[in-house]
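Dear colleague,

I am handing over the structure below, together with a short account of what was found in it. Please have it open while you read.

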Amino acid sequence: MSGIAGKVHVITGGCGGIARATAHRLASRGGIVVLTGRDVEQGERRAAELRVETNGDVRFCPMDVTDSAATENAAKKIAAELGPIHGLVINAAKAHIAPALDHSDSDWRDVMAKHFLALVVLLRA
């Protein structure tokens, strides 16, 4: 994992287990990690835990990836404060447990917003 130290890495859905493990690894190697999510209290707590565990630069930025304008604004704020975003982990997700053809259009829109559109918006910012 070369080239991580000193670079900004954003993780959407930053409060869950996969995000935690990813953030831990990046911060342990000197990366500047920004966890994002909707739950500010949980996000701030998770960032604080990781700062202690890794002695790294781990922060939290509120972000709802289903809101394109808010996502773009958050990405611009991160870049303005920390510099360009070098790493992006799209981890925000919502599980719809059912056969694919049983999902409603609304379910599919939600999945696309969290998994694909968030990536596009963040890359554009």
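Leaving aside residues up to four places away in sequence, Arg46 touches Gly14, Cys15, Gly16, Arg20 and Leu35. Please keep in mind that this is a predicted model, and that what follows was computed from its atoms. Arg46 is part of helix 2, which runs over residues 40–54, and with a relative accessible area of 15% Arg46 falls under the 20% limit and therefore counts as buried. One of the residues that Arg46 touches is Cys15, and here there is also a polar contact, in which the side chain of Arg46 reaches the backbone oxygen of Cys15 at 2.8 Å.

Cys15 itself is buried as well, at 12% relative accessibility. Is Cys15 in a disulfide, or in no disulfide? The structure holds zero disulfides, and Cys15 is in none, the nearest cysteine sulfur being that of Cys61, 12 Å away. Cys61 is likewise in no disulfide, and for Cys61 the nearest cysteine sulfur is that of Cys15. As a pair of sulfur atoms counts as a disulfide only within 2.5 Å, the 12 Å between these two rules one out. Cys61 is buried, with a relative accessible area of 6%.

The other part of the structure I would point you to is helix 3, which covers residues 68–82. At 1.5 Å a residue its 15 residues should span 21 Å, and the end C-alpha atoms are indeed 21 Å apart, so the expected and the computed span agree. Which residues of helix 3 are buried? They are Thr71, Ala74, Ala75 and Ile78, and because they cover an arc of only 100° around the axis, they lie on the same side of helix 3. That buried side packs against strand 1 (8–11), strand 2 (32–37), strand 3 (57–62), strand 4 (85–89) and helix 4 (105–124), whereas the face of helix 3 turned away from it carries the exposed residues Asn73 and Ala80.

The two ends of helix 3 can be described as well. At the N-terminal end, Asp67 acts as a cap, with a side-chain oxygen lying 3.3 Å from the backbone nitrogen of Ala69. Just after the helix, Gly83 takes a positive phi of about 105°.

With best regards

Methods. Residues numbered from 1 in each chain as written. Predicted model: local features only at pLDDT ≥ 70, side-chain atom pairs only at ≥ 80, totals over all residues. Heavy atoms only, no water. Helix = DSSP H or I, 4+ residues; strand = E, 2+ residues; numbered from the N terminus. Expected span 1.5 Å × (residues − 1). Buried < 20%, exposed > 50% of the residue type's maximum accessible area, 1.4 Å probe, protein only. Arc of directions from axis to C-beta. Contact = heavy atoms within 4.5 Å. Polar contact = N/O pair within 3.5 Å; in protein donor to acceptor, adjacent residues only side chain to side chain.
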